[in-house]
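Me: I would like to examine how the labels attached to a structure follow from its values. Please set each value against the relevant criterion and then conclude.

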Amino acid sequence: MPAPAVEIRDLVMRYGATTAVDHLDLEIATGTVTAILGPNGAGKTTTVEVCEGFRPVQHGEVRVLGLDPRDASLRPRIGVMLQSGGAWSGSRADEMLRHIASLHAHPLDVDGLVERLGLGSCGRTPYRRLSGGQQQRLSLAMAIVGRPELLFLDEPTAGLDPQARRATWDLVTELRDHGVTTVLTTHFMDEAEQLSDVVHVVDAGRVIASGTPAELTHESARDTIRFTAAAGLDVLDLMHALPEGTKVEERVAGSYVVTGEVDPALLSTLTAWCASRKVLPESILVEHQTLEDRFLDLTGRSLR
């Protein structure tokens with residue numbers, strides 16, 4: 001097995017009396033897309049900035065591609081897409097990208113990258129006059145033009161239209177297929193679920209859950225069946241007929257929600273109960289828990 005691209009052991013980072021990262025352990029496998037998710041203030045940005053070499057380690061150990069994150073020899077091997085900034089405000093988009101490409105020994109074809117990310121129409125426009133989406137696409141291009149082994153993407157699709165967002169997803173997937181390791185921080189749960197091989201959920205400076213998107217969403221039994229039928233069904237009787245731990249609610253008259261370990265046996269029992277009472281459901285919808293549901297279960301649903 002190849003060595004991990006990133007290893008974090010017992011990392012502690014403090015700002016005065018505030019502990020941003022609290023004895024965090026995390027490992028990122030080579031050749032994967034790994035999402036680091038967490039609410040604002042959870043410590044994920046500080047953790048990633050340490051890995052990028054922007055902040056010195058205060059306590060613990062961090063290794064990136066086997067080296068100290070501040071080792072200068074890592075610079076040509078790592079691509080970083082910041083959430084904002086990263087380019088001189090007065091520079092033209094085309095000039096900026098070509099300058100970054102010139103700093104690398106074997107950069108990607110700039111013209112091809114410009115066409116791929118739809119930057120051709122803004123090549124002569126100063127960075128400060130680009131739209132938010134154009135700035136995002138240019139930042140992504142600057143991060144990958146040097147053919148990095150390890151790529152850090154911070155909110156890569158914020159402000160992008162659906163077409164540009166999909167193009168970014170396709171590019172991240174293509175990079176993974178070519179062996180590039182990507183560390184993704186995003187607030188879009190569908191993005192993490194679509195792109196990631198592994199997800200780490202961080203809160204209060206610690207990793208509180210890790211796994212594939214499928215593993216995380218199946219750790220909880222909060223899958224649901226929604227069905228509509230005549231109002232006023234005996235939900236207590238239905239609950240007794242279903243497996244232990246299953247809940248049934250009539251949240252709106254005639255609209256029922258069954259919550260529990262949803263499987264074919266439960267669905268069969270539900271329809272059999274309806275048939276025995278001559279109840280004909282008008283609709284039945286099986287809904288599995290999403291990554292966003294699991295994230296909210298883990299980190300809470302109230303605003304911070």
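Me: Which element gives the largest share of the lining of the largest pocket?

Reply: The model under discussion is predicted. In it, β5 provides four residues of that lining, the largest share. The elements giving two or more residues are β5 (78-81) and α4 (132-144). The pocket holds about 490 Å³ of space. Its lining numbers 21 residues, and the closest to the pocket centre are Ile78, Gly79, Val80, Ile100 and Met142.

Me: How are the residues of this lining divided by class?

Reply: The lining of the largest pocket has 12 nonpolar, seven polar and two charged residues. Glycine is counted among the polar residues under the scheme used, and Gly79 is one of the lining residues.

Me: What makes the enclosed space a cavity, and how many are counted?

Reply: A cavity is a set of points where a 1.4 Å probe fits but cannot get out. One cavity of 30 Å³ or more is counted, and the largest cavity has about 30 Å³ of space. Val48, Glu52, Met81, Phe152, Leu153, Asp154, Val183 and Thr185 line it. At least two lining residues come from each of β6 (150-154) and β7 (181-185), and β6 gives the most, with three. By class, the lining of the largest cavity comprises five nonpolar, one polar and two charged residues.

Me: Why is β6 described as mostly covered?

Reply: A residue is called buried when its relative accessible area is under 20%. Five of the five residues of β6 are buried, and the strand is therefore described as mostly covered. Leu150, Phe152 and Asp154 point one way from β6, while Leu151 and Leu153 point the other way. In a regular strand, side chains alternate between the two faces of the sheet.

Me: How do you know that β6 pairs with β5 and with β7?

Reply: Pairing requires at least two bridges between two strands. β5 and β6 have four bridges, in the parallel sense, and β6 and β7 are joined by five, also running parallel. Both pairs therefore meet the criterion. Isoleucine 78 stands opposite leucine 150 in β6, and leucine 153 stands opposite leucine 184 in β7.

Me: What makes β11 and β12 a pair, and in which sense do they run?

Reply: Five bridges join β11 (residues 247-252) to β12 (residues 255-260), and the two strands run antiparallel. Set against the requirement of at least two bridges, these strands therefore count as paired. Valine 252 has serine 255 in β12 as its bridge partner. Two residues lie between the strands of this hairpin, where glycine 254 takes a positive phi near 85 degrees.

Me: Why is glutamate 155 called buried or exposed?

Reply: The relative accessibility of glutamate 155 is 6%. The cut-off for buried is under 20%, so glutamate 155 counts as buried. Glutamate 155 lies in the loop between β6 and α5 (162-177).

Me: Why is glutamate 115 called buried or exposed?

Reply: Glutamate 115 has a relative accessibility of 68%. Exposed means over 50%, so glutamate 115 counts as exposed. Glutamate 115 is found in helix α3 (residues 110-116).

Me: What is notable about the phi angles of arginine 147 and glutamate 155?

Reply: Most residues other than glycine have a negative phi. Arginine 147 is not a glycine, yet has a positive phi of about 55 degrees. Glutamate 155, likewise not a glycine, has a positive phi of about 50 degrees. Arginine 147 is found in the loop between α4 and β6.

Me: What makes a set of residues a nonpolar core, and which members of the largest one touch the most others?

Reply: Such a core consists of buried nonpolar residues joined through side-chain atoms within 4.5 Å. The largest has 42 residues, of which Leu37, Leu97, Leu138 and Ile144 touch the most other members. α4 gives the most to this core, with six residues. Another core, of 24 residues, lies apart from it, with Ala5, Val6, Phe152 and Val183 among its members.

Key
Residues numbered from 1 in each chain as written. Predicted model: local features only at pLDDT ≥ 70, side-chain atom pairs only at ≥ 80, totals over all residues. Heavy atoms only, no water. 1 Å grid on protein atoms, 1.4 Å probe; cavity = no way out; pocket = protein on both sides within 12 Å on 5 of 7 lines; lining within 4 Å. Points joined across faces, edges and corners; volume = space filled by probe spheres on them. Buried < 20%, exposed > 50% of the residue type's maximum accessible area, 1.4 Å probe, protein only.
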